[in-house]
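User: I'd like a close look at one part here, the nonpolar packing. Please start with confidence, then walk me through the rest in one go.

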Amino acid sequence: MAKQRKTSKVQGNRDLLRIASFILFDAAVFHEALSATHKHVESLRRRTKPLQSFLDTEWQKILAINYEPVFRLSRDILISFPSSQETEWMLGRVCDSALSAASSGVLLRHDFMGRVYHKLLLRTTGHYYATYYTSVPAATLLANLAVKSPHPTWKLDQFDDLAGFRVIDPACGSGTLLSATYMALKDAYILSRPEPLDLAGLHRALVTDVLHGWDVLDFAAHLTLTTLSLHSNRVSVREANVYTLPAGETGGAVRLGSLDRLIPQQELLGHGFTRSSVKKGLSGGREQEVPVEPYDLVIMNPPFRNLSTTLRHSLREFSEQRPCTAPRA
Amino acid sequence: MPTRTGKSGDHRFREEAINVLLGSLLAGRGLDANAETIKAGGRPDVLINLGGLKLVLEGRQSNLRNVLYDDAEARIDDGLADFSIAVLYPAGLESAADMTELKSNIEASQFDGAIFYINGAGIARKEFMHASLDELIQMINTVFRQRVQNDVVRQQVAQLEGTITEIVDRASKSDLFFDSDVLADRLKHALGMSDGEAKED
């Protein structure tokens, strides 16, 4: 029994390190992309030792200007590691991989992170969190069908109307569906032949206003932010509407992630990635009220399976009490 | 044969001007590209940055097909571009009253030509005929996606997978990272993963 526990702990630690390494890689790729457009952000090619201090300094610079949504979690992870040769070696390998990825350039515009998430991390996290990867072609098809099918009230060919459009993926994972929706909305905008063509403004509007994502995993929400932000690394974003919602038993209460949204009187709390969010003081002061808006489009790949007995029971009770109120995803 | 519609004018525009205008029209129609003119081998080309990949656009009169194809292929061979597009301009396209009319003429034209790109077997050529501007964009995007999906992404995912596995294996052997629960607890906190959640089902 003790041996079993030890094996489980070792495997758990391996999983943690796997996820942490990936988040560091994710930030390093973004860092390198930003260094091309922000002179005072040093490229990974010019990194100095100790590497942990170098990255910490550069990421603080990036955080000071902007991109808090993307770099806050990465820096938290970076400074969690002890200062040691092993850490330096690990960060060196992460930076080498990031440089290789960034130098190919094209990775910044595609769902590379999502694919890696699928290949590397699904087996790590899927068992615990019932995560299901949405393939890029399926996401593209779904987003295009949703956005480009005629709709009586949607006007997506004018910038102001588009900026007022609201989309949510209540289980956004690595952001594949939101990323595909980004592309579909961008297509709709470009095909309307706007004069002038304001792609920078469009990017800012899509990331800070239009696209909303919720997930129960911090690092999944982080990946969503990175994926969306990397659609244009030349345009900085200060705010985003991606939140991590609690799931499971916390403080004697059972939380159901985005399903909590369906309880009319319950305030929806979660972890945001925005600088100006309102802190609510729960869970170490990290939870805040998640703003809920009327959404024009809900797009998702429902993951609500493989739940614990307690959660399954709560979910059953919940659905029995509100058989008709749950909106269809 | 390439065809074009639109009125002919008094001015004859140089091929380079048509190249630049065609590049900017492609960029304005969804390629999300920064079109700029570069000097390469003594003549200007149009370089389009397409999501980090470089696309060179070469255009010539339709009677210069072989020269054009050779030049377009050479751009990849020289390392100037990741892929290139050779566009044969229909006869008379260069004649227009002004830039506005030239733009209209280009928008209304159909083009023959070829896209050159690297695949596993070297430089591949994909020819097209009677393609409108929108069809040109579709073909460029198709080649772009094929390259991204089939080559670079797979390679990079494999490389990163190797790196992360290497990191995890080395950490497991050294026990340096996890000789106590401190790091694990810090990482769990940062990642929002509590013990309770990790033990579900």
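Analyst: pLDDT is the predictor's own confidence in each residue, on a scale from 0 to 100. You'll want that in mind, since this is a predicted model. Chain A averages a pLDDT of 76, and 68% of its residues score at least 70. By element, chain A has its highest confidence in strand 1 (residues 167-169), at 95, and its lowest in helix 5 (residues 112-129), at a mean of 59.

A couple of stretches go lower still on a per-residue basis. Over residues 126-130 of chain A, pLDDT stays under 50, and the model gives that stretch 19 contacts beyond four places in sequence. Residues 275-285 of chain A also sit below 50, with 24 contacts in the model beyond near neighbours in sequence. Where pLDDT is low, predicted coordinates shouldn't be read in detail, so I'd leave those contacts as a bare count.

Now the packing itself. The largest nonpolar core holds 83 residues, and the ones with the most contacts inside it are Phe71(A), Ile77(A), Phe81(A) and Leu185(A). Its top contributor is helix 1 (residues 2-35) of chain A, which puts in 13 residues. The core also takes at least three residues from each of two domains of chain A, domain 1 (1-103) and domain 2 (124-323).

Zoom in on Leu185(A) for a feel of what a well-connected member looks like. Leaving aside residues up to four places away in sequence, Leu185(A) touches Val147(A), Leu156(A), Leu162(A), Phe165(A) and Val167(A). The same list continues with Leu206(A), Val210(A) and Leu211(A). As a general backdrop, nonpolar side chains in soluble globular proteins tend to be buried together.

There's also a separate core, of 31 residues, and among its members are Leu55(B), Ala96(B), Leu136(B) and Val143(B).

For some local detail back in chain A, try helix 2 (residues 51-65). Its 15 residues reach 21 Å from first C-alpha to last, close to the 21 Å expected at 1.5 Å a residue. Its buried positions are Leu51(A), Gln52(A), Phe54(A), Leu55(A), Asp56(A), Glu58(A), Trp59(A), Ile62(A) and Leu63(A). So don't picture a purely greasy list, because Gln52(A), Asp56(A) and Glu58(A) are in there too. After helix 2 comes Tyr67(A), which has a positive phi, near 60°.

Gln288(A) is another buried residue outside the nonpolar set. It sits in strand 7 (residues 288-289) of chain A, and why it counts as buried is easy to see: its relative accessible area is 1%, and the cut-off is under 20%. Tyr243(A) is 45 residues away along the chain, yet the two C-alpha atoms are separated by 9.5 Å.

Zooming out, chain A has eleven helices and eight strands, and 57% of its 329 residues count as buried. Of its contacts with a separation of 6 or more, 73% are between residues 24 or more positions apart. Chain A exposes about 14,400 Å², with carbon and sulfur atoms supplying 52%.

Chain B has six helices and eight strands, running β-α-β-β-β-α-β-β-α-β-β-α-α-α along the sequence. Of its 201 residues, 49% are buried. Contacts joining residues at least 24 apart make up 63% of those at least 6 apart. The accessible surface of chain B comes to about 9,300 Å², 47% of it from carbon and sulfur atoms.

Key: Residues numbered from 1 in each chain as written. Chains lettered and ligands numbered in written order. Predicted model: local features only at pLDDT ≥ 70, side-chain atom pairs only at ≥ 80, totals over all residues. Heavy atoms only, no water. Core = buried A, V, L, I, M, F, W, Y, C linked by side-chain atoms within 4.5 Å. Buried < 20%, exposed > 50% of the residue type's maximum accessible area, 1.4 Å probe, protein only. Helix = DSSP H or I, 4+ residues; strand = E, 2+ residues; numbered from the N terminus. Domains from an automatic or database assignment. Contact = heavy atoms within 4.5 Å. Areas by Shrake-Rupley, 256 points an atom, 1.4 Å probe, with all protein chains shown as cover. Expected span 1.5 Å × (residues − 1).
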